[in-house]
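The following exercises concern the structure shown below. Each task is followed by a solution that proceeds step by step.

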Amino acid sequence: RQGSELSGWAMGRWTYEGIDLNHNFADLNTALWDAEDNDLVPHEFPNHYIPIPEYYTFANATVAPETRAVIDWMQRYPFVLSANLHGGELVVTYPFDMTRTYWKAQELTPTADDGVFRWLATVYATSNLAMASQERRLCHYDDFTRFGNIINGANWHTVPGSMNDFSYLHTNCFEITVELSCDKFPHASELPDEWKNNRESLLLYMEQVHRGIKGVVQDRDTEQGIANAVISVDGINHDVRT
């Protein structure tokens with residue numbers, strides 16, 4: 001009810017337990033990059049479906065029940081496309097969200113599927129009425145219009161333990177972050193305009209689930225489907241599973 005005029009940017013950011021859900025997923029990036037630096041990927045260390053570290057599963061680990069519930073949900077359903085919605089800026093970010101150089105606050109850190117992620121982000125940004133407007137002003141200080149209103153998450157600001165990175169490394173799911181509006185807390189009267197700005201881009205984004213290779217992996221003799229078959233694409237060091 002206060003709107004952005006009287007609310008700080010951190011309002012509602014943390015749970016009652018003081019946990020920031022936006023940083024609460026298991027950091028699988030570090031394990032992958034360490035294995036890559038030691039030439040262990042993919043023969044001794046996987047480049048996808050990376051297991052959750054043991055420390056993260058302990059009862060006393062600082063993991064919110066909401067985070068555990070979402071992870072359980074993601075493990076039960078083989079999602080392939082997803083987006084999480086934020087406010088306070090007009091830009092679409094794509095993985096990785098965490099910088100590869102651990103001490104850097106910003107660093108371009110692309111995934112093995114960088115072309116696909118940039119496409120997904122561009123689909124949303126170019127069809128969002130507010131982002132695509134030639135007359136729009138900057139939300140704050142960053143001029144994202146120079147980059148087509150998309151940016152690699154780590155190249156904006158590093159976010160260890162993000163849902164985007166976790167989705168990509170632990171599941172088959174490609175996920176982006178959409179910063180929906182300059183106004184982090186729109187008043188109720190402004191919501192119809194915000195919906196109008198985002199409606200078409202949400203629909204177009206969902207339609208992208210039909211891009212790419214689809215099919216059923218079958219046993220040649222029995223023609224039965226094969227579960228958990230690993231699909232590799234030449235030149236892309238990130239496999240997917242049926």
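**Exercise 1. Aromatic pairs**

Task: State whether F25 and F166 are buried or exposed, and describe the geometry and location of this aromatic pair.

Solution. The model is a predicted one, in which local features need pLDDT of at least 70, side-chain atom pairs count only at pLDDT 80 or more, and totals for chains, interfaces and linings use all residues. Residues are numbered from 1 along each chain as its sequence is written, and side-chain values use heavy atoms, with hydrogens and water left out.

Step 1. F25 and F166 are both buried, where buried means under 20% relative accessible area, exposed over 50%, and partly exposed in between (1.4 Å probe, protein chains only).

Step 2. Rings of Phe, Tyr and Trp (its six-membered ring) pair if their centres lie within 6.5 Å; planes under 30 degrees apart count as stacked, over 60 as edge-to-face and the rest as tilted. By this rule there are ten aromatic pairs. In the pair of F25 and F166 the centres are 5.5 Å apart and the planes form an angle of 40 degrees, so the pair is tilted.

Step 3. Helices (H or I, at least four residues) and strands (E, at least two) are DSSP runs, numbered from the N terminus. F25 belongs to the loop between α1 (3–6) and α2 (29–37), and F166 to helix α8 (residues 163–170); the pair therefore ties together parts 141 residues apart in sequence.

Step 4. A further aromatic pair, F144 with W156, is edge-to-face, at 5.3 Å centre to centre and 85 degrees between the planes. This pair links F144, in the loop between α6 (129–132) and β3 (150–152), to W156, in helix α7 (residues 153–156), twelve residues away. F144 counts as buried because its relative accessibility is 3%, and W156 counts as buried at 16%.

Step 5. Ring pairs also link W33, F96, F117, Y168 and F174 into a cluster.

**Exercise 2. The annotated position**

Task: Which residues does E179 touch, not counting residues up to four places away in sequence?

Solution.

Step 1. The UniProt record, an unreviewed entry, places the feature "active site" at E179. UniProt positions are given in the numbering used here, feature names are shortened, and annotations may be inferred rather than shown by experiment.

Step 2. E179 lies in strand β4 (residues 174–181). With a relative accessibility of 7%, E179 counts as buried.

Step 3. Contact means heavy atoms within 4.5 Å. Leaving out residues up to four places away in sequence, E179 touches H86, G87, G88, E89, L90, V91, M131 and W156. W156 is also the ring partner of F144.

**Exercise 3. Backbone geometry**

Task: Where do the peptide bonds with omega near or about 0 degrees occur, and which residues other than glycine have a positive phi?

Solution.

Step 1. V41 and P42 are joined by a cis peptide bond with omega of about 0 degrees. P42 is part of the loop between α2 and α3 (54–57).

Step 2. The bond from P95 to F96 is likewise cis, with omega near 0 degrees. F96 is found in the loop between β2 (89–94) and α5 (114–127).

Step 3. Y49 has a positive phi, near 50 degrees. Y49 lies in the loop between α2 and α3 and is partly exposed, with a relative accessible area of 28%.

Step 4. N228 has a positive phi near 60 degrees. N228 lies in the loop between α9 (191–207) and β5 (230–233) and counts as partly exposed at 48% relative accessibility.

**Exercise 4. Salt bridges**

Task: How many salt bridges does the structure hold, and where do R100 and D37 lie?

Solution.

Step 1. A salt bridge is a side-chain nitrogen of Lys or Arg within 4 Å of a carboxyl oxygen of Asp or Glu. The structure holds nine of them.

Step 2. R100 and D37 form one, at 3.2 Å from N to O. R100 lies in the loop between β2 and α5 and D37 in helix α2, 63 residues apart. R100 counts as partly exposed at 36% relative accessibility, whereas D37 counts as exposed at 56%.

Step 3. D114 and R118 also form a salt bridge (2.9 Å, N to O). These two residues are separated by about one helical turn because they are four residues apart in helix α5. D114 is buried, with a relative accessible area of 18%, and R118 is partly exposed at 39% relative accessibility.

Step 4. Salt bridges with shared partners join E36, D37 and R100 into one network.
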